[in-house]
Amino acid sequence: MLSSMLKEHQAKHLARREIQEKRKKEAAAAATAVTRSLVENLNSRVAVAYKNEKKLDAETKQLQANAAQFAKQSQQWLSLVENFNQALKELGHVENWARSIETDMQTIASALEYAYKDSS
């Protein structure tokens with residue numbers, strides 16, 4: 001009787017151990033699946049962030065190149081405007097010089113005319 005009780009106890013203990021081992025394996029598999037799922041989700045988000053960062057870097061470089069080109073072109077325009085202003089000033093000087101010559105010539109012409117009238 002005692003030996004049958006011992007065998008029965010051992011059989012129940014073995015059955016519980018097998019169930020416990022089975023549940024342990026199922027829990028480990030479930031934990032692995034959850035971990036894998038979390039890692040894949042995180043990796044996909046990281047991949048999207050990395051791709052966006054690459055795009056931003058490329059667009060930043062393009063923007064810097066465009067800004068440098070714009071600055072260079074603006075400097076050229078400023079130089080052209082400055083040259084144009086200088087040319088206008090020079091034309092103003094030439095115009096003043098021409099008026100001065102014209103006034104002198106009119107004075108000389110008047111003096112010659114007056115001298116010619118007096119001698120006639």
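One helix, zero strands: that is the secondary structure of this protein. The model is a predicted one. Helix 1 covers residues 2-119.

Now the overall dimensions. Along its principal axes, the C-alpha trace spans about 175 × 15 × 10 Å. The radius of gyration says something similar. The protein has 51 Å, where a compact globule of 120 residues would have a value near 14 Å.

Let me put sequence distance next to spatial distance. Take Ala49 and Gln20. They are 29 residues apart in sequence, and their C-alpha atoms are 43 Å apart in space. Ala49 has its place in helix 1. Next, Ala111 and Phe84. Here 27 residues of sequence go with 40 Å, C-alpha to C-alpha. Ala111 also sits in helix 1. A third pair is Glu82 and Trp97. The separation is 15 residues in sequence and 23 Å in space, again C-alpha to C-alpha. Glu82 is placed in helix 1, and Trp97 lies in helix 1 too.

What share of the 120 residues is buried? The answer is 0%. Buried would need under 20% relative accessible area. Look at the residues I just named. Ala49 has a relative accessible area of 44%, so it is partly exposed. Ala111 stands at 45%, so it counts as partly exposed. Glu82 has 47%, and is therefore partly exposed. Trp97 has 57%, so this one is exposed. The cut-off for exposed is over 50%.

On to the total surface. The protein exposes about 11500 Å². Carbon and sulfur atoms supply 61% of that area.

Which residues form a nonpolar patch on the surface? They are Val94, Trp97, Ile101, Met105, Ile108 and Leu112. Together they have about 640 Å² of accessible area. Keep Trp97 in mind here. This patch member is exposed, at 57% relative accessible area. Trp97 is also the partner in the Glu82 pair, with 23 Å between the C-alpha atoms.

Next, charges. The protein carries 18 positive and 15 negative side chains. The centres of the two sets lie 31 Å apart.

How many salt bridges does a search of the whole structure find? Three. I will take them in sequence order.

Start with Glu8 and Lys12. Their side chains meet in a salt bridge, at 3.5 Å from N to O. Why can they pair along the helix? Glu8 and Lys12 are four residues apart in helix 1, so about one helical turn separates them. Glu8 is partly exposed, with a relative accessible area of 46%. Lys12 counts as partly exposed as well, at 45% relative accessibility.

Then Glu95 and Arg99. Arg99 forms a salt bridge with Glu95, and the closest N and O atoms are 2.4 Å apart. The spacing in helix 1 is four residues, so Arg99 and Glu95 are about one helical turn from each other. Arg99 has 47% relative accessibility, which makes it partly exposed. Glu95 is partly exposed at 41%.

Last, Glu113 and Lys117. This salt bridge joins their side chains at 3.6 Å, N to O. Both residues lie in helix 1, four residues apart, about one turn of the helix. Glu113 is partly exposed, with a relative accessible area of 47%. Lys117 has 55%, so it is exposed.

To recap. One helix and zero strands. A C-alpha trace of about 175 × 15 × 10 Å. Buried residues at 0%. A nonpolar patch that includes Trp97 and Leu112. And three salt bridges in the whole structure.

Conventions: Residues are numbered from 1 along each chain as its sequence is written. This is a predicted model: local features need pLDDT of at least 70, side-chain atom pairs count only at pLDDT 80 or more; totals for chains, interfaces and linings use all residues. Side-chain values use heavy atoms; hydrogens and water are left out. Patches are made of residues with over 30% relative accessible area and no salt bridge: like charges are joined within 9 Å, nonpolar side chains (Val, Leu, Ile, Met, Phe, Trp, Tyr) within 5 Å. Accessible areas come from the Shrake-Rupley method with a 1.4 Å probe; for residues, only the protein chains shown count as cover. A salt bridge is a side-chain nitrogen of Lys or Arg within 4 Å of a carboxyl oxygen of Asp or Glu. Helices (H or I, at least four residues) and strands (E, at least two) are DSSP runs, numbered from the N terminus. Buried means under 20% relative accessible area, exposed over 50%, partly exposed in between (1.4 Å probe, protein chains only). The radius of gyration is taken over C-alpha atoms; the globule rule is 2.2 Å times the number of residues to the power 0.38. Lys and Arg count as positive and Asp and Glu as negative; His and the chain ends are not counted. The place of a charge is taken as NZ of Lys, CZ of Arg, CG of Asp or CD of Glu.
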